[in-house]
Amino acid sequence: MQPWLLVLVAAFGSIPACAADSDPSRADVKALIDRMKTDGASIPAASPSAGTPAPLACPDCSVLPVVLVASDLSEAAASDGVAKFVTALKFVQAWYLSQTGKTFAILPAETAASNLTAGRWIALSCLTATPDERTHNPPCDQRHFNNGRPQSRYGYYQEVEQEFKAKHPGNDDQKRRFIIAVFAGDQPNVWLGAADGQAYAVAAPRSTSVSCPAFKDDPSGADPLCRDSVYGIAHELGHSFGLIHSCEQNLYPKVGCENSFMQAKHPPGMVMLDGERELLLKNEFIHLTTLDENPRRTTIPASSRTEFGL
Ligand SMILES: [Zn+2]
């Protein structure tokens with residue numbers, strides 16, 4: 001399956017077509033996309049929900065954060081990275097609540113040992129960049145590229161998905177969305193590679209190296225690195241909940257699309273379009289009305305993992 005590209009990345013190349021899939025949570029969007037293909041770009045504006053039934057309530061539907069720990073780093077060393085990742089995810093959870101009145105549930109974070117070293121993960125993240133951009137990213141090692149040309153701009157995402165599936169076979173539970181990041185040490189400047197492919201939303205290594213404030217204390221996100229981490233997670237989760245890029249769709253009005261989290265806007269000022277809000281509120285993963293509700297425990301079989309409190 002072709003993953004979605006983070007907009008920061010997509011700006012340097014073509015954006016993949018929406019992946020056709022059978023995910024029920026994307027049924028509304030997929031039906032409209034199918035209609036758009038059939039009818040041309042004449043989808044009636046602001047009526048993406050017309051005629052579609054409300055989804056069944058799903059109190060068990062939750063987001064599971066997972067951190068893949070580079071093979072040359074210990075899970076103990078990663079504990080700080082996991083805690084940082086959770087701060088950004090909780091910020092995003094609260095931001096969704098502020099925008100829609102509902103949000104997603106988060107399960108306790110898990111870790112899994114990766115097969116790749118930190119250096120290899122950094123190189124994979126850098127594959128997403130253009131050669132020019134790599135020269136401005138010190139962690140990007142040119143030796144990992146073929147004559148300055150990327151091997152695959154999806155390399156980071158593809159490796160994360162492959163490793164996670166191998167460690168959790170059969171993990172296609174429709175009640176889970178996974179937000180997965182790599183811990184490659186303290187790497188706040190390794191920021192590329194985020195993407196989404198249905199159940200798997202993948203965040204860049206930066207997201208395990210940057211702390212964010214509580215949303216209620218500072219909705220701006222304060223630190224620019226936190227703001228980027230929050231944007232990446234909010235955006236990729238948005239894809240996993242069925243949203244597509246705000247300015248590149250004809251499902252709902254695009255006015256102000258450049259300020260949307262589903263385009264390239266970071267906090268502060270990152271907004272949700274009315275059409276995006278409408279679609280999210282029909283998604284069975286967006287069901288929590290407060291941040292105090294306790295999500296149920298994951299049912300994933302234990303396999304070289306450690307759980308961390310939220
Ligand atoms: Zn995207």
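Let me start with helix α8, residues 274-281, where the buried residues are Gly275, Glu276, Leu279 and Leu280. These four sit on the same side of α8, because the arc they cover around the axis is only 135°. The spacing fits the geometry of a helix. An α-helix has 3.6 residues a turn, so residues three or four places apart point the same way. I should say now that this is a predicted model.

Next, strand β5. Is β5 enclosed or open to the outside? Eight of its eight residues are buried, so the rest of the structure largely encloses this strand. Both of its faces are covered. On one side the buried residues are Arg176, Phe178, Ile180 and Val182. On the other they are Arg177, Ile179, Ala181 and Phe183.

Which strands pair with β5? One is β2, residues 62-69, which runs parallel to β5 and is joined to it over eight bridges. In that pairing, Pro65 stands opposite Ile179 of β5. Another is β7, residues 200-202, again in the parallel sense, over three bridges. There, Phe178 is opposite Tyr200 in β7.

Between β5 (176-183) and β6 (195-197) there is a loop, and Leu192 lies in it. Despite being in a loop, Leu192 is buried: 26 other C-beta atoms lie within 10 Å, and 20 or more is the cut-off for calling a residue buried. Its C-alpha atom is 9.4 Å from that of Gly232, a residue 40 places away along the chain.

Gly232 falls within the residue range of helix α7, which is 224-240. This helix has 17 residues and spans 24 Å from its first C-alpha to its last, close to the 24 Å expected at 1.5 Å a residue. What surrounds α7? Of its 17 residues, 15 are buried, so α7 is largely enclosed by the rest of the structure. Just after the helix comes Gly242, with a positive phi of about 105°.

Last, the core. The largest nonpolar core holds 77 residues, and the members that touch the most others are Val67, Ala88 and Val92. Helix α3, residues 75-100, gives the most to this core, ten residues. Where does Val92 make its contacts? Leaving out residues up to four places away in sequence, Val92 touches Val230, Ile233, Ala234 and Leu237. By their numbers, those four belong to the stretch 224-240 of α7, and Val92 belongs to the stretch 75-100 of α3.

That is the tour; I will take questions.

Methods
Residues are numbered from 1 along each chain as its sequence is written. This is a predicted model: local features need pLDDT of at least 70, side-chain atom pairs count only at pLDDT 80 or more; totals for chains, interfaces and linings use all residues. Helices (H or I, at least four residues) and strands (E, at least two) are DSSP runs, numbered from the N terminus. A residue is buried if 20 or more other C-beta atoms lie within 10 Å of its own, exposed if 12 or fewer, and partly exposed in between; C-beta atoms are placed from the backbone. The arc is that of the directions from the helix axis to the C-beta atoms. Two strands pair if DSSP finds at least two bridges between them. The expected span of a helix is 1.5 Å times one less than its number of residues. A nonpolar core is a set of buried Ala, Val, Leu, Ile, Met, Phe, Trp, Tyr and Cys residues joined through C-beta atoms within 7 Å. Two residues are in contact if their C-beta atoms, placed from the backbone, lie within 7 Å.
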